[in-house]
Amino acid sequence: MEILRREDNDRFNATGFRFFWITESSDDTAFFLKTHVDELSGLVAGTWDFTTMYDQLGLEGTAGEIAGTIDEAFAAEAERLGVRVDELVLVRPKSQHGPQKKKRCFAFMLLTDLSSQQAAYSAHDLKALLAFCLANTYVLVNGILMRQILGIPMGANASPDIANLFCYAKEKRYMMRLLAERDIRRATLLSMTRRFIDDLLCFGTKPPPESIYSMGYKQTNACVGDATFLGIRIRHEVSGASGRRYMRLSVLDQAKAYPYRPLAYTSVLSTAPSNFGSSILIGALVRNGRIAKQHI
């Protein structure tokens, strides 16, 4: 995924069009919003949620789309290194073995530099593992073991990446079609889109049609100019004095939606560690600082 992100950043810097809309955290999204304030201040935000990602997609079609993204990543890295695709493999660096290994712990390596002790995966190996994962997801319901035959595997560690790469393949194809049809306005607006697995954030436009994704979705923000994405509340307002439009970011207060009053701190009689309260406060302050800003 990092290779696809890097290639897309190069494309965006050269052309102004972005095909890779994946975001992995609210911090990443807040940074994106703040660094593109000039383009986004005059555009109304909207959010959408896929409704059939886990019960409609066919396994063969899903595997085929993601296999294409694997080939794309290997081809991009091979071009950067000036080697053939079949000379590249993915390996886990030795320094990241064990309980402290990071999520993104694989790197490309040339076959000629590979040691006999290292586990390596070619593009063919990854596509075979993907096909196995998609075809072997089972759920136990009332003592009956059932195999999932539609949709993204539910509960699997690879499911978020599978969903992201499947949607990326569809989104890239749609963006290329828009550019071929010279629909520059629509392509420019969609380049500002952010997507977290099955949640979409768009500015000034709607997502690609449901037929492009082969999935249904629904709009989730009820008020025009007021949207929430990954806990970030995005409001578009107009300054009364100058008439200038601006975008206000804030942290969504989940407690206001509860039908009861949440307890902010544990009782002094509780057996919970005494530092919980201060840790929650520090975390809330850091999150607010990263996301919120009075006017941007």
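**Notebook: a helix pair, cysteines and two loop residues**

I began with the pair α4 and α5, whose crossing I noted as right-handed. The model I am reading is a predicted one, and I keep that in mind for each entry below.

Entry 1, the helix pair. I looked up the geometry and found that helix α4, residues 59–81, packs with helix α5, residues 123–135, at an angle of about 155°, their axes lying 10 Å apart. Because angles over 145 degrees count as roughly antiparallel, I wrote down α4 as roughly antiparallel to α5. I then listed who makes the contact: α4 contributes Leu59, Thr62, Ala63, Ile66, Ala67, Ile70, Asp71 and Phe74, while α5 contributes Ala123, Leu126, Lys127, Leu130, Leu134 and Ala135. Sorted by class, this contact of α4 with α5 holds 11 nonpolar residues, 1 polar residue and 2 charged residues.

Entry 2, the cysteines. I next asked how many disulfides the count comes to. The count came to 0 disulfides, the rule being that a pair of cysteine sulfur atoms must lie within 2.5 Å. For Cys133, which is in no disulfide, I found the nearest cysteine sulfur to be that of Cys167, 16 Å away. I recorded Cys133 as partly exposed, because its relative accessibility is 22% and the partly exposed class starts where buried, under 20%, leaves off. Cys223 is likewise in no disulfide, and the nearest cysteine sulfur to that residue belongs to Cys202, at 18 Å. With a relative accessibility of 48%, Cys223 also counts as partly exposed, since exposed requires a value over 50%.

Entry 3, positive phi values. I looked at Arg182 and noted a phi near 60°, which is a positive value in a residue other than glycine. Where does Arg182 sit? I located Arg182 in the loop between α6, residues 159–180, and α7, residues 184–190. Its relative accessibility is 68%, so I entered Arg182 as exposed.

I made a parallel entry for Ser214, where phi is again near 60° and thus positive in a residue other than glycine. Ser214 lies in the loop between α8, residues 210–213, and β9, residues 217–219. At 36% relative accessibility I entered Ser214 as partly exposed, because that class covers values between the 20% limit for buried and the 50% limit for exposed.

Notes:
Residues are numbered from 1 along each chain as its sequence is written. This is a predicted model: local features need pLDDT of at least 70, side-chain atom pairs count only at pLDDT 80 or more; totals for chains, interfaces and linings use all residues. Side-chain values use heavy atoms; hydrogens and water are left out. Buried means under 20% relative accessible area, exposed over 50%, partly exposed in between (1.4 Å probe, protein chains only). Axes are lines fitted to C-alpha atoms, for helices over the stretch in contact, and angles run from 0 to 180 degrees between N-to-C directions. Helices (H or I, at least four residues) and strands (E, at least two) are DSSP runs, numbered from the N terminus. Angles under 35 degrees count as roughly parallel, over 145 as roughly antiparallel, 65 to 115 as roughly perpendicular and the rest as oblique. A crossing is left-handed if the near helix is turned anticlockwise from the far one by less than a right angle, and right-handed if clockwise. Contact means heavy atoms within 4.5 Å. Ala, Val, Leu, Ile, Met, Phe, Trp, Tyr, Cys and Pro count as nonpolar, Asp, Glu, Lys and Arg as charged, and the others, Gly among them, as polar.
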